[in-house]
Amino acid sequence: MILSAESIASLRARALTAIDAAHAGRGDPQVAAVLWRQVVDSETDPYRRAKELLNLASALDLTDDAGRIQAVAITDRAIKTLRPKDVEAASCYVMAAQRLVRSDNLSDAATQRKALDYLHAGLAVPMTAAGRETLVALIRLYSQVACLVGDFSRIKRARHIAERLAHYGFQKDELWTVYAAIIQLHETRWKAQSHRPSLGRAIQLAREAIAKYTATTTGEEVMKLAALQQQHAILLLDRYALERDEADIEAAITYLRLSSAVEQGRSEVLNSLALALMASDDQSATDAQFREAKQLLLEGLDLSRSATSTAHLNWSFANWHLEAYRRGGPVSHIDSAIEAAESAANLISEQNNRIHFTVADAYCERFRVAELSTDIDRAIEAAECGISLCPVTSSERWQQEITTANLYQERAVKGQRAFDLDDAVRASTLYTNALDRIPGDSPLRIDTAATALGAMVENFAVTSNPLFLKAARAVAQMLPRTTSDAERLSPVVASNLACFKLIDSPDEASRRSWSGLLRQIAMQHGESETGWLAASNLMHRNVDHDWGLVVEAFQIIARQRASRLAATRTARERVMTLRREQNAAALAGLALVHLDRAADAARLIDEAQAALLIKSDSDRVCFAPDDAIWSSIDAIFYPAVTRYGGYAIVATRDGCIGVRCPEISSIVLPKEPGVPSPSTLAVAASLLDAAFPSGPPPRLLIVPAGRLGLIPWPAVQIGLQCLADQSTITVLPTRALWRPGSRAQYTHLVTIEAASVAGEAALRHADAEVGQLRFWMPDGVDLAGDELTPAAIAAALPYADIAHFACHGVIDPQDPTKTRLLLPHHAALTILDVVAIDCSGLSLAILSACRSAVHDVGLPDEFASMATAFLVAGARCAIGTLWNVNDVPASLFVRRLAWSLHQGRSPQAATRAAQLWLRDSSDDDKAVWLDRMGDAESEGEKWLRTQLRGHSDRWSFAAPKHWAAFTCYGLSEAP
């Protein structure tokens, strides 16, 4: 039906009234849509029809999902008819984009692209053909969609329009909207592309907006100003991370303090302020600003009322704890970081890749000090999750690929296997991906290249595979070539580069130059992780080149360890602090031997070992020879093995010599405590042969370095005999545990018998060995059954001359301070319990318990065993076992030991005599001797003698597994 002009005008007026009512919520949008459809159908002019289609789309927008879908399609059809220079064109493009933005499909890439195309077309419309309101809306919407898509190709045009609008003056809302949009564009481009000009432009615009907005802000607008100040501060922190200009961080802190005065959103501002206070490189863990950051985070958590805000505060707290640890704080910060990061990951409503990477970072730090495989596995799991959530185009993607590569590299080198090639390859792939994506002019490229270089150098050092060195050379081409240029890099980057230069066989002048740079970094950052990294590299890369620098690097590491130990509050913190520095003292000792300073090397080992249990430096002794010790022994033997070769130090009354064994660079111990393999015993024999070419002395004190403390030295073959055949042997983890003037007394005996405990097999012969001891030493206390508690033991030991434990032993591989002797009713006596008891009157502790002399292979320098614990507590000697020993040979050994002690032998001589008797006497000889000791009173004892009697041609306990596990620790003269 063809309508007259008057009718069309009337219909259009009714349609306008209907849509206004629908917008106001007083009318039915379906009625408005019907009226506008009639208006469209009545128009014959294509141009006017297109304009009416836009009104129809507006009405359909108000109906339902189907209507909104129609509105998008109708808008697209109408726009194709309008000319770009039309006054309505810009507003039409904005409306079309708005409809797509409001749709549920904006997460779809095609929809995002279509919306951005509309906005690009709107930006191309001459400004004279669009009103202020339309241009402001266009800029705001373009910023939103361009940041989502990552397409910033029209950013200059948007900024030009904003500048023209500013020229004519902004209203308050326009000022906020336009500046916020343009700042967001530049900030997002900076973060997505590491485009440094965009960062500078965003900072400049934020400063301008704050100046303009401050002058006119009143009432509720204060919140907008505070948000702008916070955004400006965060941008300044980004620039500070690049340029290290203290003016930026000072300005950021000032802006954040201003914005923190606003109550609403204060928890988020406090979070940002805390991050700013944490940002300076020059702070220590006790710095005033750093402490203030912690208080701000605590206040923010108290104020937070949303899961997202709480998650981000916990995330910042995790980073605070990590930074506190890296600045020299106690290792307990790592546990706190893990707790806070996991809380953040669990709380956040949206998946945040940065939080996942903080989780990974915290677990990785704990893996480095505790070496728990579950920690590095969790770190990699969190990092891979973070990568999956991070867009490929984001600069964070590159950084997180680097982080994940570092984690794979950690597991490749330090995981459960000696070297995991699959992990190393995955790390290399991630490094390569990151380097390929980072623009050539990005500062991240240098950091990434240096990190990749460090990993490749480490892989080469472990495997000697030339492919890793070749890859490292290719990466090194991206980095400076001289030390003067490298000095301008960050300390970590410079350390990695110097490490590569030292391993790539430069000339001596170049080597001295790069070693000097490492030394400088290590000295300047001695208390931090950066200093430790530089010192560790300086130490290892100068082996066979400059042994003096190896010693100096160790001294830096030792000072940092002492500082961290002083800050520890718990035994577990001490364990974690000490774990990483294991074997460093042995390497420094090798350097001192090369420098013909054997006495200094021996003193260093004495000072470095057993630091976990010996907490006070005043308890340690100097190496200076003491006439008293030479009355009990003929020589002290310090064997050590490093990856660069072994060595032995021999100290006698006449002096100290060192002998190098370069062919010995490894020692393999069983995964579970047990008799080492013949090849491992052969290593020990080589060290003895080198130290004593004419044969071992009759009385020998062994101070083994690290894992050599798990060697059963009496069983080591020297020529045609074992060492036990030639020498009386005693062992000390360090001479600090030797008690001068230590003459034994065996008057007051305390026995602790826990033969039957829940979950363990009964010790059938424990009562016989206890009875034998009591027969010869009638004075004392017997603890068993319900009387046997840790408190009862602690009360009895200070009055004892000799203590005998017949019980089960359990070692804890993760925290050796929890290694324990099992007692009835699920009780236990731990290492920490023992070191807290006054055992200064105790001449001997006999630990007839499995693994009572075993220390954790992950803490080889610490000798944290039950036997060592008794020495630390003041006992002169302790006898323990290096593996599980069957109840029968254990009982026989203890009884013969007690008999030898009763005969007047010293503990070390009695240990040797009992071992040789157990090994060399026939079964029948043992039965005859037991009969002479008294009648068999228990069924178990009767069974044992029946099994032994009559077998004069059988030596059931001749194998080392039966007799060599028993080791005497300490040094005491016979009574």
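# Exercises on helices, strands and loops

Strand β12 (residues 820–822) and β11 are joined by 2 bridges and run antiparallel. Before we build on that, some ground rules: this is a predicted model, in which local features need pLDDT of at least 70, side-chain atom pairs count only at pLDDT 80 or more, and totals for chains, interfaces and linings use all residues. Residues are numbered from 1 along each chain as its sequence is written, and side-chain values use heavy atoms, with hydrogens and water left out. Helices (H or I, at least four residues) and strands (E, at least two) are DSSP runs, numbered from the N terminus.

## Exercise 1: a small sheet

Task: find the order of the strands in the open sheet of 3 strands, and work out which of them stand at the edges.

Solution. Start with pairing: two strands pair if DSSP finds at least two bridges between them. β11 and β12 have 2 bridges, and Val 810 stands opposite Arg 820 in β12. Next, read the order, which is β11-β12-β13 with antiparallel pairing. Finally, look for strands with a single partner: β11 (809–810) and β13 (828–830) are at the edges, so one side of each has no neighbour in the sheet.

## Exercise 2: a covered strand

Task: describe the surroundings of strand β14 (residues 844–848) and its pairing with β10 and β15.

Solution. First, check burial, where buried means under 20% relative accessible area, exposed over 50%, and partly exposed in between (1.4 Å probe, protein chains only). In β14, 5 of the 5 residues are buried. Then split them by face. In a regular strand the side chains alternate between the two faces of the sheet. One side of β14 has Leu 844, Ile 846 and Ser 848, the other has Ala 845 and Leu 847, and all are buried.

Now add the neighbours. Strand β10 (residues 802–806) runs parallel to β14 and is joined to it by 5 bridges; here Ala 806 has Ser 848 as its bridge partner. Strand β15 (residues 877–881) also pairs with β14 in the parallel sense, over 3 bridges, with Ile 879 as the bridge partner of Ile 846.

Last, follow the chain through helix α37 (residues 866–872): β14, α37 and β15 form a right-handed β-α-β unit. Right-handed is defined with the strands pointing away from the viewer: the path from the first strand over the helix to the second runs clockwise.

## Exercise 3: a helix with one buried face

Task: show how the buried residues of helix α25 (residues 508–524) are arranged, and name the helices they pack against.

Solution. Begin with length. The 17 residues of α25 reach 24 Å from first C-alpha to last, close to the expected 24 Å; the expected span is 1.5 Å times one less than the number of residues. Next, list the buried residues of α25: Arg 511, Trp 514, Ser 515, Leu 517, Leu 518, Ile 521 and Ala 522. Seen down the axis, these fall within an arc of 150°, so they line one face of the helix; the arc is that of the directions from the helix axis to the C-beta atoms. On the face turned away from the buried side are the exposed residues Arg 512 and Gln 524.

Then turn to contacts, meaning heavy atoms within 4.5 Å. The buried residues of α25 pack against α23 (483–486), α24 (491–503), α26 (529–541) and α27 (547–567).

One of these neighbours, α26, is mostly covered, with 12 of its 13 residues buried. Among them are Trp 532, Asn 537, Met 539 and His 540.

## Exercise 4: two positive phi angles

Task: for Asp 544 and Ala 610, find the loop each lies in and decide whether each is buried or exposed.

Solution. Most residues other than glycine have a negative phi, and most peptide bonds are trans. Asp 544, although not a glycine, has a positive phi of about 70°. Asp 544 lies in the loop between α26 and α27, and with a relative accessible area of 57% it is exposed.

Ala 610 also has a positive phi, near 65°. Ala 610 is in the loop between α30 (598–608) and α31 (627–630), and its 0% relative accessibility makes it buried.

## Exercise 5: partners apart in sequence

Task: which residues does Arg 437 touch, not counting residues up to four places away in sequence?

Solution. Locate Arg 437 in helix α20 (residues 421–437); at 28% relative accessibility it is partly exposed. Its contacts are Val 392, Arg 397, Trp 398 and Glu 401. Arg 397 is 40 residues from Arg 437 in sequence, and their C-alpha atoms are 9.1 Å apart.
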